[in-house]
Structure formats: structure tokens, C-alpha cells
Amino acid sequence: MELAGHKDVTAATGLDVFFADPRSPWQRGTNENTNRLLRQYLPKGTSMGHLTQDDLDAIALKLNTRPRKTMGYDTPADRLAALLR
């Protein structure tokens with residue numbers, strides 16, 4: 001259900017949406033890791049109804065400024081800044 005509107009996303013953004021093959025969790029590495037990181041702030045089963053956009057922005061900032069071993073301990077924000085230079 002969560003990706004039922006994938007054609008709308010593609011139409012609105014021009015970005016293709018790809019799906020992992022069934023029973024192929026190795027194709028979802030970034031997704032699974034991101035979910036694990038998000039669970040530190042939003043435990044499974046937690047309602048997000050009370051969160052404001054400021055709350056969500058604060059979580060995004062924490063995740064985007066967190067060093068990642070897979071990035072040589074750069075942060076996602078560092079990598080994005082380097083690409084935009």
C-alpha cells in the first residue's frame with residue numbers, strides 16, 4: 001500500500017521508482033539501514049500523528065549529519081555538499 005502511488009511520484013518528479021525482487025533483501029540494504037536508524041527516533045508502532053514538520057525536520061537533520069562508516073565517516077550532508085560544488 002505504501003507505494004501504491006508510485007506512478008504519481010514518477011509523473012510529478014520525473015524520477016523512476018524501482019522495487020526490489022521478492023525474497024531479495026540484499027537489494028534493500030539502504031532502505032533497511034535507514035529504517036533501522038529511523039527506529040531510534042520513531043519506534044515501531046509509534047503514531048506519527050502528533051509530530052510536526054519541525055519534529056520531522058529535526059530527525060532528518062540528525063540523520064543527515066550523522067557520520068556513516070560506509071561513507072568513510074562522511075555524513076550524507078557532506079556527500080551532498082560535495083556533489084553540489
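Start by selecting Thr30, Asn33, Thr34, Arg36, Leu37, Leu63, Arg66, Pro67, Arg68, Lys69, Thr70 and Met71: together they line the second largest pocket. You're looking at a predicted model, by the way, so keep the confidence colouring handy if your viewer has it.

**The pocket**

With those residues shown, put a surface on them. The space inside the second largest pocket comes to about 240 Å³. Now colour the lining by residue type: you should get 4 nonpolar, 4 polar and 4 charged residues. Which helix gives the most to this lining? Select residues 29–38 and you have it: helix H2, with 5 residues.

**From the pocket wall to the core**

Keep Leu37 and Leu63 on screen, since both belong to the pocket lining and both turn up again in the next selection. Add Leu42, Leu51 and Ile59 to that pair, and you have the largest nonpolar core, a set of 5 residues. Show their side chains as spheres.

Then centre on Leu63. What does Leu63 touch, once residues up to four places away in sequence are left out? Its contacts are Leu37, Leu38, Tyr41, Arg68 and Pro76. Two of these have come up already: Leu37 is a fellow core member, and Arg68 is in the pocket lining.

**Two salt bridges**

Next, go for the charged pairs. How many salt bridges does the structure hold? There are 2.

Select Arg28 and Glu32 for one of them; the closest N and O atoms are 2.6 Å apart. Arg28 is partly exposed, at 35% relative accessible area, and Glu32 is also in the partly exposed class, at 38%.

For the other, jump to Arg79 and Asp74, where the closest N and O atoms are 2.9 Å apart. Arg79 counts as partly exposed at 38% relative accessibility, and Asp74 does too, at 30%.

**Out to helix H1**

Now select residues 6–13, which make up helix H1. Is H1 largely buried or in the open? Of its 8 residues the number buried is 0, so the helix lies largely in the open. Step one residue on and you reach Gly14, which follows H1 and has a positive phi near 80°.

**The loop between H1 and H2**

Carry on along the chain to Phe18, in the loop between H1 and H2. Despite the aromatic side chain, Phe18 is exposed, with a relative accessible area of 71%. Draw a distance from its C-alpha to that of His6: the two residues are 12 apart in sequence and 9.1 Å apart in space.

Phe19 sits in that loop as well. At 45% relative accessibility, Phe19 counts as partly exposed. Show what surrounds Phe19 and you'll find contacts with Leu3 and His6, leaving aside residues up to four places away in sequence. For a long view across the model, draw a line from the C-alpha of Phe19 to that of Pro76: 57 residues separate them along the chain, and the distance is 23 Å.

One more stop in this loop is Arg23. Check its backbone: phi is near 55°, a positive value in a residue other than glycine. Most residues other than glycine have a negative phi. Arg23 is exposed as well, at 76% relative accessible area.

**The loop between H2 and H3**

Move past H2 to Gly45, in the loop that leads to helix H3 (53–64). Is Gly45 buried or exposed? At a relative accessible area of 79%, it's exposed. Try another distance here: the C-alpha atoms of Gly45 and Thr65 are 25 Å apart, with the two positions 20 residues apart along the chain.

**Finishing at H4**

Your next selection is Tyr73, in the loop between H3 and helix H4 (76–84). Tyr73 is another non-glycine with a positive phi, about 65°. Its relative accessibility is 54%, and Tyr73 counts as exposed.

End on Ala77, in helix H4. Ala77 is partly exposed, at 33% relative accessible area. From there, draw a last line to Arg66: the C-alpha atoms are separated by 8.5 Å, with the residues 11 apart along the chain. Arg66 also takes you back to where you began, as one of the residues lining the second largest pocket.

Note on methods. Residues are numbered from 1 along each chain as its sequence is written. This is a predicted model: local features need pLDDT of at least 70, side-chain atom pairs count only at pLDDT 80 or more; totals for chains, interfaces and linings use all residues. Side-chain values use heavy atoms; hydrogens and water are left out. On a 1 Å grid over the protein atoms alone, a cavity is a set of points where a 1.4 Å probe fits but cannot get out, and a pocket is an open set with protein on both sides within 12 Å along at least five of seven lines; lining residues have an atom within 4 Å of a point. Grid points are joined across faces, edges and corners, and a volume is the space filled by probe spheres set on the points. Helices (H or I, at least four residues) and strands (E, at least two) are DSSP runs, numbered from the N terminus. Ala, Val, Leu, Ile, Met, Phe, Trp, Tyr, Cys and Pro count as nonpolar, Asp, Glu, Lys and Arg as charged, and the others, Gly among them, as polar. Buried means under 20% relative accessible area, exposed over 50%, partly exposed in between (1.4 Å probe, protein chains only). A salt bridge is a side-chain nitrogen of Lys or Arg within 4 Å of a carboxyl oxygen of Asp or Glu. A nonpolar core is a set of buried Ala, Val, Leu, Ile, Met, Phe, Trp, Tyr and Cys residues joined through side-chain atoms within 4.5 Å. Contact means heavy atoms within 4.5 Å.
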